[in-house]
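Me: Please take a close look at one strand in this model, its two faces and its partners. Then set that part against the rest of the chain, with the cut-offs behind each term.

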Amino acid sequence: MDILLDITEPGQSPLPHENTPQSRKRVVGIDLGTTFSLVAAITIDGTPLCIPDEAGIQAIPSVVHYGPKGSVLVGWPARERLVQHPESTIASVKRYMGRGVEEIRNRSGALPHALEAGEGGMVRILAGEVKVSPVEVSAEILKLLKQRAEEALGGKLQGAVITVPAYFDDAQRQATKDAARVAGLEVLRLLNEPTAAALAYGLDKGHEGLYAIYDLGGGTFDISLLKLEKGLFQVMATGGDSALGGDDLDQWIVERLLTRMGIADPDPTLIQSCRKLARELKERLSSEETVSFDLPGATPPNQPETLTREAFEQGIRDLAWRTIPICRRVLKDAGVAPEALQGVVLVGGSTRVPLVRRMVAEFFAREPLVDLDPDQVVALGAAHQAEALSGNTPSEMLLLDVTPLSLGIETMGDLVEKLVPRNTPIPTARAQEFTTFKDGQTAMAVHVVQGERELASQCRSLARFELRGIPPMTAGAARIRVTYQVDADGLLTVSAREETTGVEQSIAVKPSYGLTDDEIADMLRDAMRHGESDMRARLLNEARVEANRVLAAAEAALREDGDLLNEAETQQVKGVMVTLWETTQGDSAERINEQVSRMDLQTRFFAQRRMDRSLQKAMTGRKVDDFA
């Protein structure tokens, strides 16, 4: 019998698995993030919990590496290759979702990958030997989260709530749903990230009033105003910027590093090295006033560089300030003042930056709520919603979300007639009558757009179709009723009907940059056809990663404490290392794992001597090597 992964901590109830009632559905909440992604479920006693890996780590980096012969690594193993293999390793793909090539280039700094336009305008990323869409990259991340959840819960998932930024438009939402389909996930609902965060805080349990959810993640910013009143959980207004986040704060440091090195045209490897260092410096500056570091590629002897929190905050002040006018507009849309709020919840790792917290506290005139881990809160809230939608937990709460952007139709003169204004509660249906422009007109073009601009050419084009079969009439005599229906995921269906004849045409809006049904079907068939070989390749790659980690640790140990061994013992350790390295050149994951275990047994005496030395140093008060 397979042993299920125990993901509980001492004192916590286990997650539901095969010994629970058959009526209980296996459902999860997924935070598909720009920098990190998580999957969460509800324990038997009703507690939400992010599901960790075997090492107890809940988050996985949202990074995918495409290796030779079709091999794919996701998460931590992929992140390890980000610097040395930037051309075949993709990070922050969420910022590419639902975007065209020019849009990405205009919004991003130097890119480590070449981009090209695929069919329908969807961007294709050149990653080593393959060309992949953001949907396919995101699907790889979702597959890993799905696998982790199914191992922990003891069976196939029956549904997932996946979170998206509140300000994701229709194209980005559809791309997220497409990625879930490719990963083999049934989407119970797409849930706005700020709404998920509010659910995690339990604002639906006895709390009433107005709350602001300020969400600054790795790639996006959202602000939502929620009203809680007698079981009604309503999003009053939402706003944001889907191209503003922690990556932009990192970019300021990256540009400073490149300037300091005098490099105007960096190669992809240097870009990723700078980005990795920038993230580390940003995180350190949240708790330190000054940090010292070496420039990428610097060789000793060299003078360490320094960066102060004051200089960092001065450099990113304009970026952080961009969130405040958006907050002000959301409050204005809802017709409330900051002092009318009962609380402000911070979400997203970038809210740990002290300058961000000060700006939020100053604008809302109160200290924000930071009780829960801002990195986990979205996934935990999504798990709550998944549990409610599955029927596992009775819920009397009514959750009403809103449309982030207006949905309209192009009329003559490139004008936009808004049928569904932004911040309209969803699901919703809105209809309006239109007429013909010319005598004898027998067809009408319907152009669906999204945005707040007044001209159709200035808004995002979502779909076009034609209503044919209109009887010839004088201009203005025909009555064409156009209906927009938005479901709970924020996805749109449009229909047009000529009232006198009943001629009707409808379309489920498939935005530009999405995948066609045929493309998704092909991907699913490929996944089934190559499932066994893909799993073998995955196991082989995982075994090689572990073996290389063990070899690197052994090399470091010999450099630091090789004097603990005599010549014969040194040769013994080196010999088993050579054997392990040679085994990694083969294609058997089982042999590699066996050799890793054999090396552990044959070098255990060395590890014991190193531990004894460390204890002796500690007892005598001398500095202990962090890696001893």
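Reply: Strand E13 is covered on both faces: Gly209, Tyr211, Ile213 and Asp215 on one side are buried, and so are Leu210, Ala212, Tyr214 and Leu216 on the other. Buried stands for a relative accessible area under 20%, exposed for over 50%, and partly exposed for values in between, with a 1.4 Å probe and protein chains only. The model is a predicted one, in which local features need pLDDT of at least 70 and side-chain atom pairs count only at pLDDT 80 or more, while totals for chains, interfaces and linings use all residues. Residues are numbered from 1 along each chain as its sequence is written, and side-chain values use heavy atoms, with hydrogens and water left out.

E13 covers residues 209-216, and eight of its eight residues are buried. Helices (H or I, at least four residues) and strands (E, at least two) are DSSP runs numbered from the N terminus. Two strands pair if DSSP finds at least two bridges between them. E13 pairs with strand E14 (residues 221-229) in the antiparallel sense, over eight bridges. Ala212 of E13 stands opposite Leu225 in E14, and the two strands form a hairpin with four residues between them. E13 also pairs with strand E18 (residues 343-347), here in the parallel sense and over five bridges. On that side, Tyr214 has Leu346 of E18 as its bridge partner.

Strand E1 can be read along the same lines. E1 takes in residues 27-31, and five of its five residues are buried. Val27, Gly29 and Asp31 lie on one side, Val28 and Ile30 on the other, and both faces are covered. The parallel partner of E1 is strand E11 (residues 159-164), with five bridges, and Gly29 has Val161 as its bridge partner there. Strand E2 (residues 36-42) runs antiparallel to E1 and is joined to it by three bridges. Asp31 is matched with Leu38 of E2, and a hairpin of four residues connects E1 to E2.

Among the helices, H4 (residues 170-182) has 13 residues and reaches 18 Å from its first C-alpha to its last, close to the 18 Å expected at 1.5 Å a residue. The expected span is 1.5 Å times one less than the number of residues. Twelve of the 13 residues of H4 are buried, so the helix is largely enclosed by the rest of the structure. Charged residues are on the buried list, including Asp170, Arg173, Lys177 and Asp178. After H4 comes Gly184, with a positive phi near 80°.

Salt bridges, meaning a side-chain nitrogen of Lys or Arg within 4 Å of a carboxyl oxygen of Asp or Glu, number 26 by this rule. Lys282 and Asp250 form one of them, at 3.1 Å from N to O. Lys282 lies in helix H7 (residues 268-285) and Asp250 in helix H6 (residues 246-261), so the pair ties together parts that are 32 residues apart in sequence. Lys282 is buried at a relative accessible area of 11%, and Asp250 is buried at 5%. In another salt bridge, the closest N and O atoms of Arg479 and Glu433 are 3.6 Å apart. Arg479 sits in the loop between strand E25 (460-468) and strand E26 (480-486), whereas Glu433 belongs to strand E23, 46 residues apart. Arg479 is partly exposed at 38%, and Glu433 is partly exposed at 39%.

Two non-glycine residues have a positive phi: Ala365 at about 60° and Asn423 at about 70°. Ala365, in the loop between helix H10 (354-364) and helix H11 (377-390), is exposed at 65% relative accessibility. Asn423, in the loop between strand E21 (415-420) and E22, is buried at 13%. The peptide bond from Ile426 to Pro427 is cis, with omega near 5°.

For the whole protein chain, there are 16 helices and 28 strands, and buried residues make up 51% of the 628 residues. With contact defined as heavy atoms within 4.5 Å, residues 24 or more positions apart account for 67% of the contacts with a separation of 6 or more.
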